[in-house]
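Me: Could you go through this model with me? I'd like to start with the ligand site and then move on to the sheet.
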Amino acid sequence: MPGADVNPDVYRAPVGTHDVLPPDSERWMRVVATFADRAVRFGYGLVLTPVFEHVEVFQRVGASTDVVRKEMYELTDKGGRNLALRPEGTAPVVRAFVQHHPAVPWKVWYLAPHFRYERPQKGRYRQHWQLGAEVMGVDDPDVDVEVIALAHGFYRDLGLTQVRLQINSMGDAESRPAYVAALRDHLRTAGAGLGEEFLARVDQNPLRVLDAKVPDWQPVIDAAPHLADFLSPAAAEHFARVRAGLDALGIAHTVAPRLVRGFDYYTSTTFEFVSDALDAAQNAVGGGGRYDQLAEDMGGPHTPSIGFGIGIERVLIAAEAEGLLAPDPQRLDAFVVDGIGDGTATAVVAALREGGLRADRAYGGRSVKAQWKLADRSGARFGVMLGTREAERDAVAVKDLRSPEGDQREIARADLVAWLHEHSGGDTP
Ligand code: HAM
């Protein structure tokens with residue numbers, strides 16, 4: 001029997017990944033279109049980078065991070081190159097900046113799949129999609145405000161009301177070393193009894209301990225010094241100007257002193273948008289910050305930059321929890337039912353589509369009754385019947401599929417496109 005030796009487990013999407021099918025994909029289209037529209041209004045251009053890069057590009061985001069240490073999908077291609085599937089979106093954009101040296105400010109947005117070998121759970125996947133934006137080449141705090149406002153307005157455009165903004169400053173090259181030293185001292189002393197894993201992390205990068213989720217470590221983490229107390233005058237001034245700019249735009253925010261974010265490249269402003277409609281373990285619907293040194297680390301010029309990434313799946317879960325973005329039950333304006341069978345239906349469907357309407361039909365010479373059944377199931381507002389009697393008068397019969405009486409009316413073929421445009425969006429004619 002054909003297919004008898006097939007292992008069905010192999011023909012399933014791998015653990016932690018998902019197919020997105022219609023009609024659910026409609027919600028994706030709306031989320032992406034909403035973001036793209038905003039990004040374009042803010043003066044950002046689309047950037048597309050490869051799904052894989054040389055592994056060194058991603059190693060730049062931090063040797064001490066979970067993403068690089070444990071979660072990267074690494075591969076060797078047939079030419080012996082060491083590559084990795086994109087675990088995060090900033091490093092490839094910076095790599096492209098360094099490679100092509102575009103004029104600054106370079107303002108770009110992206111839509112891309114990301115890959116992290118994580119333990120899958122609701123809102124945490126091995127492939128997830130991000131919408132992101134990056135501005136490279138400006139250290140003006142006004143840019144920080146603009147970037148945050150771009151993301152903030154996107155959530156608002158979708159109607160999300162339970163998304164909160166948290167911000168922090170990671171300090172600059174001047175403030176950071178003193179803070180890291182004080183933090184390391186505190187963690188080593190207060191956490192001396194917490195075991196090897198803790199002390200190894202402290203040695204590698206004490207900042208990474210601050211966002212650790214291990215319950216036993218929390219009292220020591222809670223007692224740690226705050227970065228805000230170590231900011232240089234310049235870093236403190238930058239942070240104050242970002243906060244004042246957000247206030248001026250009416251963008252509510254709270255300062256989160258422990259917000260260090262999961263990558264080593266962050267400097268200065270960092271921020272996260274969290275949704276109270278999601279489980280606390282993965283409630284971040286977006287996050288980002290400044291990374292003023294990363295371009296230099298990749299061999300480029302000094303290029304202060306800032307950006308963010310937004311997880312599309314999480315936005316969709318948050319939207320669902322808030323009762324937003326339900327798929328539109330009216331998927332089509334018209335479904336054409338062919339009662340003639342001479343090719344007229346093909347011409348009518350083509351005319352509707354070219355006329356800007358959403359139109360569909362049945363295939364394979366089905367009976368008129370079967371076609372009406374498909375019309376009912378299709379999500380179309382109107383059924384358009386091509387019958388021999390109406391054809392003699394160059395007309396069609398139109399039936400409102402939403403009305404329980406199913407009244408039919410005759411419309412001249414020449415008027416059909418205009419009539420459907422007038423009626424398919426609105427109430428029962
Ligand atoms: P991130 O915080 O790692 O930042 O990811 C951004 C967003 O992607 C998160 O807030 C979350 O919504 C979503 N996300 C992350 N991991 C997963 C996952 N496993 N499953 C589902 N959603 C996920 C970055 O990636 C930085 N590149 C952001 C950035 C841009 N910073 C500066 N510019």
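What follows is a short exchange about the ligand site, one helix and one sheet.

Me: Before we start, what kind of model is this?
Reply: This is a predicted model, in which local features need pLDDT of at least 70 and side-chain atom pairs count only at pLDDT 80 or more, while totals for chains, interfaces and linings use all residues. Residues are numbered from 1 along each chain as its sequence is written, and side-chain values use heavy atoms, with hydrogens and water left out.

Me: OK, which residues come nearest to the ligand?
Reply: Of the 28 residues around the ligand, Glu88, Arg116, Glu118, Glu134 and Tyr266 come nearest, where a residue counts as near if one of its heavy atoms lies within 4 Å.

Me: Which strand gives the largest share of that shell?
Reply: That is E10, with 6 residues. Strand E6 (127-136), strand E10 (284-290) and strand E11 (305-311) each supply at least two residues of the shell; strands here are DSSP runs of E with at least two residues, and helices are runs of H or I with at least four, numbered from the N terminus.

Me: And what polar contacts does the ligand make?
Reply: Taking a polar contact as a pair of N or O atoms within 3.5 Å, a ligand nitrogen is 2.5 Å from an N or O atom in the side chain of glutamate 118. A polar side-chain atom of tyrosine 265 lies 3.2 Å from a ligand nitrogen, and for a polar backbone atom of phenylalanine 308 the distance to a nitrogen of the ligand is 3.3 Å.

Me: How much of the ligand does the protein cover?
Reply: The protein covers 96% of the 650 Å² of accessible area that the ligand has on its own, by the Shrake-Rupley method with a 1.4 Å probe.

Me: Switching topic, is helix H12 mostly covered or mostly open?
Reply: Helix H12 (residues 312-321) is mostly covered, with 8 of its 10 residues buried, meaning under 20% relative accessible area with a 1.4 Å probe and protein chains only. After H12 comes glycine 323, with a positive phi near 70°.

Me: Now the sheet, what is the strand order?
Reply: The open sheet has 5 strands in the order E13-E12-E14-E15-E16, with mixed pairing; two strands pair if DSSP finds at least two bridges between them. At the edges are strand E13 (359-361) and strand E16 (408-412), each pairing on one side only.

Me: How do E15 and E16 run?
Reply: Strand E15 (residues 395-400) and E16 run antiparallel and are joined by 5 bridges, and valine 398 stands opposite arginine 409 in E16.

Definitions and conventions: Buried < 20%, exposed > 50% of the residue type's maximum accessible area, 1.4 Å probe, protein only. Polar contact = N/O pair within 3.5 Å; in protein donor to acceptor, adjacent residues only side chain to side chain.
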